[in-house]
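Okay, everyone, thanks for coming. Let me put the model up and we'll walk through a few bits of it.

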Amino acid sequence: MTQRLSACLRQAISERVLEPGSRLPASRDLARELQVARNTVSNAYEQLRIEGYVQARVGSGTFVADAAPEQLLHAPRLSGRQRALASEPYPQPLVRLADRAQRVLAQASAAPQQWGAFMPGVPDVSEFPREVYARILNRLWRHAPPQMLTYGTQAHVTALQKALAAHLRVARSVQCQPEQILITEGVHQAIDLAARVLVNPGEHVWMEEPGYWGIANVLRMSEGIAIHGMKVDGEGMVLEPQAPVPSLICTTPSHQYPLGSVMSLARRKALLAYARKVGAWIVEDDYDSEFRFSGSPVPSMQGLELNAPVIYVGTFSKTLFPGLRVGYMVLPQGLVEPMQRMHAEMYREGHQITHQALAELMEGGHYAAHIRRMRVLYARRREHLLQLVQRYLGDEFMPGHDSQAGLHLVLPLPAHVDDQLLTKRLSEAGVLARPLSQYYVGPDARKGLLLGYASVSEAQMQLAFFTLVQVLRKQLAPTA
Ligand SMILES: Cc1ncc(COP(=O)(O)O)c(C=O)c1O
């Protein structure tokens, strides 16, 4: 009764049926009229007083407050001039971004839209075995001990480290013990950690040119790092003798990103020898090598030599789904302890339940089965897209260094085409793609289009491709 009465009075006050300043009936009178206990009315008045709807004046009764709380909750509508006057003593705080953030924002490349034909780098997340994963997660959540909900620690080797070590040894010829594996929130975080821990201001980091813009932006956020773009050809990164001596060498030897070549054995050996000579670390980014569609798998560089100066990094972003944000580093023995401790200091560790669920997905054989299934699907989609390119655009648009692997193709474009403008026009027409020129840190950018095929069904591909051809022809036309 108390609640019903206070709700009625509150509404009456809000709707101005009871005017500000007006006196409420004495509790005894209202109780008599409503035939309820006097306490019911007193309690309702007290509740409204606490909420600020009424004021009690000793000896004279209870009055409707001058300003109802709703009016206080809604900011008054002010004219521009009134707003300027009211905010004069409280100006907006000045936003001053650090120089390095301004540099990154000037070349920010993360796309607002991540799903649709032909978004590069995105696997078919709709095929992820949700049921199995949800069952595992559900069980873990119900029974997880407190340690799984605290910050993570490296007190003992986890099931995910063990499962990954076993998988990487077999699938990628990586030589490692489970304790050498550091779980990260993806390749981005792994590179950030490596750059901050291993590179001093003023030192150089080599990147492939073209290479992944995400890594370039992560490196730009490490104070004073000088990025040097290294050319790539059909055998991967080219070792230029005049290049500045690096502390870190970022490379994608199994499947050069984005052009697609495989680093030759001779280049791998030369790069390893060079890194040993100058004391540099090679960061081997093995982001999508599970998806190779012909020939035998290309083994990792990490496993090529004993005690290789290689930090191997991998991710579940392509094999499962990018939103998972889980990746891993395989660290050389000497780096295990400092990197683990720095990781804990910089990012704190967590997601233990996700990690345990992934371990179980792997132990149960679901991970390997999913990769096998996706490999068949992506190979088919890749072939379909290649046929469309060949049929409707012709040989000059066929990918160059492509090595029948990965989740995207690169269509070369003539040098005069503005590929950034082209992707803008495509996006206006509902087709997603990325310009090749965005992947260069230096000025000599080649032009092209990155087209992801992994997440696009064949039927959808056909439609999107016809739109692409129309927009492309318009851009290529002499009047464009
Ligand atoms: C070369 C390369 N490395 C790594 C990644 C993925 O990074 P993450 O694990 O942070 O999702 C990508 C994503 O597109 C990539 O292209």
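Let's start with a helix pair: Ser27, Arg28, Leu30 and Ala31 in H2 meet Arg38, Val41, Ser42 and Tyr45 in H3, where contact means heavy atoms within 4.5 Å. Quick housekeeping: this is a predicted model, local features need pLDDT of at least 70, side-chain atom pairs count only at pLDDT 80 or more, and totals for chains, interfaces and linings use all residues. Residues are numbered from 1 along each chain as its sequence is written, and side-chain values use heavy atoms, with hydrogens and water left out.

Back to the pair. H2 covers residues 27–34 and H3 covers 38–51; helices here are DSSP runs (H or I, at least four residues), numbered from the N terminus. They pack at about 125°, axes 8 Å apart, the axes being lines fitted to C-alpha atoms over the stretch in contact, with angles running from 0 to 180 degrees between N-to-C directions. So H2 and H3 are oblique to each other, oblique being whatever is left after under 35 degrees (roughly parallel), over 145 (roughly antiparallel) and 65 to 115 (roughly perpendicular).

Now, cysteines. How many disulfides does the structure hold? Zero, taking a disulfide as a pair of cysteine sulfur atoms within 2.5 Å. Cysteine 250, for one, has as its nearest cysteine sulfur that of cysteine 176, 20 Å away. Cysteine 250 is also buried, at 7% relative accessibility, while cysteine 8 is exposed at 52% (buried is under 20% relative accessible area, exposed over 50%, partly exposed in between, with a 1.4 Å probe and protein chains only).

How values were computed
Helix = DSSP H or I, 4+ residues; strand = E, 2+ residues; numbered from the N terminus.
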